[in-house]
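User: I am new to this structure and would like to go through some of its features by question and answer. Please keep the reasoning short.

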Amino acid sequence: MRRLWSFPGGIRLPGFKQMSNSETIRGLPVPERVYLPLRQHIGAEARPVVAVGERVDKGQLLAEATSFVSAPVHASTSGVVIDIGKHTVPHPSGIAEECIVIEADGEDHWHSALAPLADIDNATPTQLRAAIREAGIVGLGGAVFPSAAKLKPPRSIDTLIINGVECEPYITCDDLLMRSSAEAVLRGCLLLRRILCAGQCILVVEDNKPEAMQQLRLARDILIDAGESGAEGIELVGIPTVFPAGGEKQLIKVLTGREVPTGGLPYELGVVCLNVGTAAAVHDAILLGRPLVSRIVTVTGNGIKRPGNYLVPLGTPTHALLDAAGRTDDEAELIMGGPMMGQRLPTSQAMVVKGTNCILVNKPEPQTAQMPCIRCGSCANACPMKLLPQQLYWHAHGKTFDKLERYQLDSCIECGCCNLVCPSHIPLVSYFRYAKTEIADQAYKRQRAEESRLRSEVRQERLERMKRETAERNARRKAARSKPKKSVSVKATADPAAEDAPQSQQVSNG
Amino acid sequence: MAEAPTVINVTEGAPFIGPTVDVGLVMRRVIYALLPGLLAYLWFFGWGPLTNLVYAVASALLFEALLLGIRQRSLWPFLSDGSAVLTACLLALSLPPMAAWWLPVLGSFIAIVFAKQLYGGLGYNPFNPAMAAYAVLLISFPLEMSQWLLPLELQDQILSLVDGFRYTLNGQLPTGLSFDAISSATPLDKLRTDTGLGHAVSDIRNAPVFGLIAGQGTEWVGLGYLLGGLVLLWLRIISWHIPVSMLVALAAMAGMGFLIDPQQHADPLLQLFGGASMLGAFFIATDPVTAATTARGKIIYGAGIGVLVYAIRSWGAYPDGVAFAVLLMGMTAPLLDQYTVPKVFGARRKGWRG
């Protein structure tokens, strides 16, 4: 048994997982249109390589990655590109961003050029990483960081952690993935481990998912029997169910006892952490030759008739998904992600993107009166980052932002634990989000002000220099023109009367 | 509420799960946790504590409503949050039982009006309202504040509840009964006076007001508060830091005195179960608004109270010192919080940055 540590704080939450994990993953009819944003990842927007009117097949490249931290976009169904333009993307503001829109032909046939990586057994890490990059794979746990970039850390890695924790209530997409495709997940782990040359590989699941764990064990046995080298080296670890155990920093603490330094990244501890969904996508990309064009999405909540998990082509509008699952309550609000850290969707027009793990449809919580902080410290006990939310709240409330920086607001992961345990019902996380934005804004303005000050100084200097130079030039010219007169003036200074003046001044000075 | 600035839209953003506790629930649980101690108090001392409770709670609610009205705050959320009731209960249980009606009423007035509402109400008071009121009363009315009842088994005649209320309202006892027959100095008071007179502790403890480990009856009340306090710990309404550090510090100080000269200093058990030690440790010092909030801060805060309680009892002008100790340490709480900031997860060094 692996020794486990615990992370500070955290809370136990009702899971509501049974709502959506009792049935197998369902398919979805091919949507009429798919809207594929050029940025479904952290980093630079992808650049379109297709034109409006072009026919595309499923899996065909639509837009290419433009920098190291970027990811390409592929067609999630076959059809015709009918538009490249701004459409509403999943964001609480309802903002529109650049998308490629495909009118589906309903055939849903794969692109003929797609093929598994040739000679996989002898492929180098660089080749494997390139295949992952070309498949458009990003972190499917929600952070959507391009995986190929994460797989090229600046130092050697000894521990690869595959995250199947899924600690948010309601969400079961990783649970169902592990139950239905345990072998793909494990094969993905083996490939990732090969790329990183990691000494150990830990696949970690919260102990509220015994079926998933069971399937993983079976699949590992099958791989071992099949002589798959390294399969026995994948450690399957169950950890206690405490929110937010699935947070990267918390998970690394639980498994290694070490803390990712503030502002740092896991690789500094020799650790890389990837989601089980990402591992499965790596399997699909390298062993099946299929780029990331669909994902499992949990559709659940008390406003849904048939909660469950759906295999959804990327770019499918949320309303198509809601139609399939049945919406019982139009009053209920749409949340993308979990109830603790998800985002409210202002419209069901927004599409499923690579980072969409869950569509939660719940009646809004009744508004409760906010009471003054009684400094009970429940929030500090619940904070997994060991912050003092009661102090942060005090200073966010008073807008004393310098104090917030000293109390290290930037370490807040906005997990929502403090919010939930607050007896005064203070929306702490809202305050912190607001303060973070303000601090960033002020820093930006300070920087702008500094830049403009420098600019103005340089300009002032330049103007003065020009003035001085002009004056000097004029003086020289003048001097050159009036050379004969100069002797006169010299004579004048030789005048005894003129010599008296400085002398008298010296006396008065003395 | 008036405290929420307009810039924050509460409906904006996660989490989308509502909170599971509220202030009222916390306060009510603390009030219920007082029950074991209160029942022991009633059992050993008769109806006296109850008259205090009735006057204090009723007047506290009245003053709270009045001040909320003057300050133009919404009445219901704050009247129903239980904080005024809890303050009144703590005050009532600290006063001599069966005190004249105006004593608890005046106490509630000081606690609610001066110590709480004038500072901004719930959450904004720098000092523990019940203890601030207690201190003011103790200094202003030393005589009334030292008229404690004898345990029932030492009283000649047991008063009924009606007699108790009548006495608190007009000072009339049933015919043939003098107040001296039912009142006495507290064990701590007696200990203080008699050691001052040069008596040995072992002799003093033979006096009838003393029981097995501390005062006759009061030791059971102390045990009742201890029980209630353990329930609060179990419910995680309070953390262990303050009560444990306070009681350990008090016991350590008492232990040192006892080791130096057991005839001059009472043993630690008497200090722990005498006076307001248990009530103070679990119910008063743990008042979140006025205590330190960081783990290390709480330990220093609690230990400071324990040391001060012993110092006031041993060398001060009053037989008990919980109220003054809590008020004094309350002054240090903001400073303690500032200098005991825990190391943030992943931070390279402790405390404040920069």
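User: Helix α4 of chain A covers residues 182-196; what distance does the helix reach from its first C-alpha to its last?
Analyst: The model is a predicted one. In it, α4 of chain A has 15 residues, and at 1.5 Å a residue a span of 21 Å is expected. The helix comes close to that expectation, reaching 21 Å.

User: How many of the 15 residues of α4(A) are buried?
Analyst: A residue counts as buried under 20% relative accessible area. Among those in α4(A) that meet this are A:A182, A:L190, A:R193 and A:L196. The helix is largely enclosed by the rest of the structure, because the number of its residues that are buried is 12.

User: Which residue with a positive phi follows α4(A)?
Analyst: The helix ends at residue 196. Most residues other than glycine have a negative phi. The residue that follows α4(A) has a positive phi, near 50°, and is A:C197.

User: Is A:I137 buried or exposed?
Analyst: A:I137 lies in the loop between α1 (125-134) and α2 (147-150) of chain A. Leaving out residues up to four places away in sequence, A:I137 touches several others, including A:P146, A:T278, A:V282 and A:L292. Its relative accessibility is 3%, and the cut-off is 20%, so A:I137 counts as buried.

User: How far apart in space are A:I137 and A:V34, C-alpha to C-alpha?
Analyst: In sequence, A:I137 and A:V34 are 103 residues apart. In space, their C-alpha atoms are separated by 19 Å.

User: Which residue does a cis peptide bond join to A:F243?
Analyst: Most peptide bonds are trans. The bond in question has an omega of about -5° and is cis. The partner of A:F243 is found in the loop between β10 (234-239) and α6 (248-256) of chain A, and it is A:P244.

User: What is omega for the peptide bond from B:A14 to B:P15?
Analyst: B:P15 sits in the segment before α1 (23-33) of chain B. The bond that leads to B:P15 from B:A14 is cis, with omega near -5°.

User: What is the relative accessible area of A:E414?
Analyst: A:E414 is in the loop between α11 (401-406) and α12 (417-421) of chain A. Its phi is positive, near 55°, in a residue other than glycine. A:E414 is partly exposed, with a relative accessible area of 22%.

User: Is B:R236 buried or exposed?
Analyst: B:R236 belongs to the loop between α12 (218-234) and α13 (241-260) of chain B. Phi of B:R236 is positive, near 60°. With a relative accessible area of 75%, over the 50% cut-off, B:R236 is exposed.

User: What is the radius of gyration of chain B?
Analyst: Chain B contains 17 helices and two strands. For its 354 residues the globule rule gives 20 Å; the chain's own value is close to that, so chain B is as compact as a globular protein of that length, with a radius of gyration of 21 Å.

User: What percentage of the 354 residues of chain B count as buried?
Analyst: The C-alpha trace of chain B spans about 70 × 50 × 35 Å along its principal axes. The chain exposes about 15,200 Å², with carbon and sulfur atoms supplying 68% of that area. Of its 354 residues, the share that count as buried is 55%.

Notes. Residues numbered from 1 in each chain as written. Chains lettered and ligands numbered in written order. Predicted model: local features only at pLDDT ≥ 70, side-chain atom pairs only at ≥ 80, totals over all residues. Heavy atoms only, no water. Helix = DSSP H or I, 4+ residues; strand = E, 2+ residues; numbered from the N terminus. Rg over C-alpha atoms; globule rule 2.2 N^0.38 Å. Buried < 20%, exposed > 50% of the residue type's maximum accessible area, 1.4 Å probe, protein only. Areas by Shrake-Rupley, 256 points an atom, 1.4 Å probe, with all protein chains shown as cover. Expected span 1.5 Å × (residues − 1). Contact = heavy atoms within 4.5 Å.
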